[in-house]
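Hi everyone, thanks for coming. I'd like to walk you through a structure that may be new to you, so please take a look at it with me.

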Amino acid sequence: MSDQHSFHSFETRAIHAGNTADPLTGAVVPPIYQVSTYKQDGVGGLRGGYEYSRSANPTRTALEENLAAIEGGRRGLAFASGLAAEDCLLRTLLRPGDHVVIPNDAYGGTFRLFAKVVERWGVDFSVADTSDPAAVRSSVTDRTKVIWVETPSNPLLGITDIAAVADIARTAGAKLVVDNTFASPYLQQPIALGADVVVHSLTKYMGGHSDVVGGGLIAADAELGEELAYHQNAMGAVAGPFDAWLVLRGIKTLPVRMDRHSENATRVAEMLTSHPKVTQVLYPGLPEHPGHEIAAKQMRAFGGMVSFRVQGGEQAAVEVCNRAKLFTLGESLGGVESLIEHPGRMTHASVVGSALEVPADLVRLSVGIEAADDLLADLQQALG
Ligand SMILES: Cc1ncc(COP(=O)(O)O)c(C=O)c1O
């Protein structure tokens, strides 16, 4: 790992880790090494340690070093998508006969990976309310190898006490995996709280501009990091150089963006709380949120995601989404522009009928970094 790993402040690491000046030209931003293979000086004579870009590519290495540094882990790895990262992780950690505890509220695609893919390998899972450590403890069996946590969760913004679940995982001899996509490492440091592996959809806040799909794994431990790196190459779903470069660029502004996302989301959540057509607001920054105290303990601020339920059921929720103008109707999240969606019919359609089904009257917002007053005005007109 580079010297920059040792910088104390997050903001400095976000900008400098992995970002060494190009040795050939002095370019202050790592070039996009859009290349598949590398000239060897005689058989086996590698110039910079690179032989083939699935195994390693300098632009991807820059991002992977940065990821490790900003999450406080020993090894970072970049993949073609968040789900590609999850797939590699699960195939590394699990064997037939193993058991996994997964949250009752999580990204629908993560649940689909467990329920439709991983289960077919002979791995079974229990769905638990991970915001309740006692529920996690009682779901653990002597075959449990992984406890999976997403906090804040997608789309209900549930909060799990990472340190408490890390204790349970340690006692059970299981690995604790934390999906840190909603918080980002600027707001929350799962490895410092006891996680073994952090997962990211880099598509979201890390990229930050809705222009790239990518995934990340950060291992707390060098040995597991090495095993994951071996599997990353063996399975092959790596991030391409341009995608890695876009994420590396996005991360430089992550702290300022997350501060602004959090400020705007707080304004939005407060307005929605007093709106007569809104029956419930789910935002961990609100004092009445059941996870507020834990969130305040383990997060620097509460992030940019807000969900709310509207009077009038599914149709009313869909109409709010359709009427929004500045909030763009679309899936995904974490970009500078605000998005609105109906999880039941969009991002979480794959969990309908399962233990993870979401309320039909739920609307999810990814609050961007536009002027807060403009965002409030748009939501007020959408609510009618
Ligand atoms: C919390 C969370 N984890 C993982 C993923 C999957 O990431 P990707 O879409 O990059 O494959 C998503 C995607 O929405 C997500 O929201």
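Before we count anything, a word on terms: helices (H or I, at least four residues) and strands (E, at least two) are DSSP runs, numbered from the N terminus. On that basis the protein has 13 helices and twelve strands.

A few words on where this comes from. It is a predicted model, in which local features need pLDDT of at least 70 and side-chain atom pairs count only at pLDDT 80 or more, while totals for chains, interfaces and linings use all residues. Residues are numbered from 1 along each chain as its sequence is written, and side-chain values use heavy atoms, with hydrogens and water left out.

Let's begin with the overall form. The C-alpha atoms fill a box of roughly 75 × 50 × 35 Å along the principal axes. The radius of gyration, taken over C-alpha atoms, is compared with a globule rule of 2.2 Å times the number of residues to the power 0.38. For 384 residues a compact globule would come out near 21 Å, and the protein has 21 Å, so the two agree. As for burial, buried means under 20% relative accessible area, exposed over 50%, and partly exposed in between, with a 1.4 Å probe and protein chains only. Of the 384 residues, 55% count as buried.

Now to the sheet. Two strands pair if DSSP finds at least two bridges between them. Five strands form an open sheet with mixed pairing, in the order β8-β9-β12-β11-β10. At its edges are β8 (278-282) and β10 (328-329), each pairing on one side only. Strands β9 (residues 305-310) and β12 (residues 362-366) run antiparallel and are joined by five bridges. If you want a spot to look at, find S307, which stands opposite R364 in β12.

Next, the ligand. Which residues come nearest to it? Counting a residue as near if one of its heavy atoms lies within 4 Å, there are 13 around the ligand, and G82, D179, S201, T203 and K204 come nearest. Helix α3 (residues 82-93) gives the largest share of this shell, three residues. We can also sort the shell by class: Ala, Val, Leu, Ile, Met, Phe, Trp, Tyr, Cys and Pro count as nonpolar, Asp, Glu, Lys and Arg as charged, and the others, Gly among them, as polar. That gives two nonpolar, seven polar and four charged residues.

Polar contacts are pairs of N or O atoms within 3.5 Å; within protein, one must be able to donate a hydrogen and the other to accept it, and residues adjacent in sequence count only if both atoms are side-chain atoms. A polar backbone atom of G82 is 2.9 Å from a ligand oxygen. Polar side-chain atoms also lie by ligand oxygens, at 2.8 Å for S201 and 2.7 Å for T203.

Finally, three residues in helices. H261, in helix α10 (residues 254-273), is buried because its relative accessible area is 0%. Its side chain reaches the backbone oxygen of V367 at 2.7 Å. G108, in helix α4 (residues 108-117), is also buried, with a relative accessible area of 0%. The C-alpha atoms of G108 and T347 are separated by 6.6 Å, though their positions lie 239 residues apart along the chain. And A296, in helix α11 (residues 292-298): why does it count as partly exposed? Because its relative accessibility is 42%. Thanks for listening!
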